[in-house]
Amino acid sequence: PAKAEVVYEAQSARLVMDSHGGTGLELSWDPDWGILVQGVDPLPGQIGLAAGDYIVAIEGQSLRQRGHEECNSIFTKHLRNGAALSIISPTTSAGEASGHGGATSMAGSSKGPPKGGGKGSAGHRA
């Protein structure tokens, strides 16, 4: 059988933060794509974001092909309620979400952006 082709769909979303500054997102750094969304909590809810999506830019600032610290710095600088996110959603030709290997987890507090981390570290909850 032929391997399903991965197609990347671009979309935009606005970041939602709760009253404590949390986003309910579990995120990890990806050296090619920027930030991989590993999980989305129901509250505060993130319309347009799902596990397996990549955040490739925040407020127009690209996160692609940047080192972990640089990516983290850009994300931290622009992290706020209503921040514009550019999202890439990988799907197969059958329309199913497709995972992406090579992501490195980001670790940090539940109130802020990813801090530190590295291969094998715990996932970040923003």
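These legends go with close-up views of a predicted model, centred on Asp53 and strand β4.

**View 1. Asp53 sits in a loop between two strands.**
Start with the address: Asp53 lies in the loop that links β3 (34-40) to β4 (54-58). Is this residue buried or exposed? Asp53 is buried, and yet it has no salt bridge. If you go looking for the nearest side chain of opposite charge, you end up at Arg64, 14 Å away.

**View 2. The surroundings of Asp53 include a polar contact with Ser89.**
Which side chain makes a polar contact with the side chain of Asp53? It's the side chain of Ser89, at 2.9 Å. Setting aside neighbours within four places in sequence, Asp53 also touches other residues, among them Gln11, Gly48 and Pro90. Ile35, Leu36 and Val37 are on that contact list too, along with Ile87 and Ile88.

**View 3. β4 pairs with β3 and with β6.**
Just past the loop comes β4 (54-58), a mostly covered strand with five of its five residues buried. β3 and β4 run antiparallel and are joined by two bridges; Ile55 of β4 is the bridge partner of Ile35. β4 also pairs with β6 (residues 84-92), again antiparallel, over four bridges. Look for Ile58 opposite Leu85 in that pairing.

**View 4. β4 and β5 form a hairpin.**
Here β4 meets β5 (residues 61-62), and the two pair in the antiparallel sense over two bridges. Ile58 turns up again, this time opposite Gln61. How many residues lie between the strands of this hairpin? There are two, and Glu59 takes a positive phi near 50 degrees.

Methods: Residues are numbered from 1 along each chain as its sequence is written. This is a predicted model: local features need pLDDT of at least 70, side-chain atom pairs count only at pLDDT 80 or more; totals for chains, interfaces and linings use all residues. Side-chain values use heavy atoms; hydrogens and water are left out. Buried means under 20% relative accessible area, exposed over 50%, partly exposed in between (1.4 Å probe, protein chains only). Lys and Arg count as positive and Asp and Glu as negative; His and the chain ends are not counted. A salt bridge is a side-chain nitrogen of Lys or Arg within 4 Å of a carboxyl oxygen of Asp or Glu. A polar contact is a pair of N or O atoms within 3.5 Å; within protein, one must be able to donate a hydrogen and the other to accept it, and residues adjacent in sequence count only if both atoms are side-chain atoms. Contact means heavy atoms within 4.5 Å. Two strands pair if DSSP finds at least two bridges between them.
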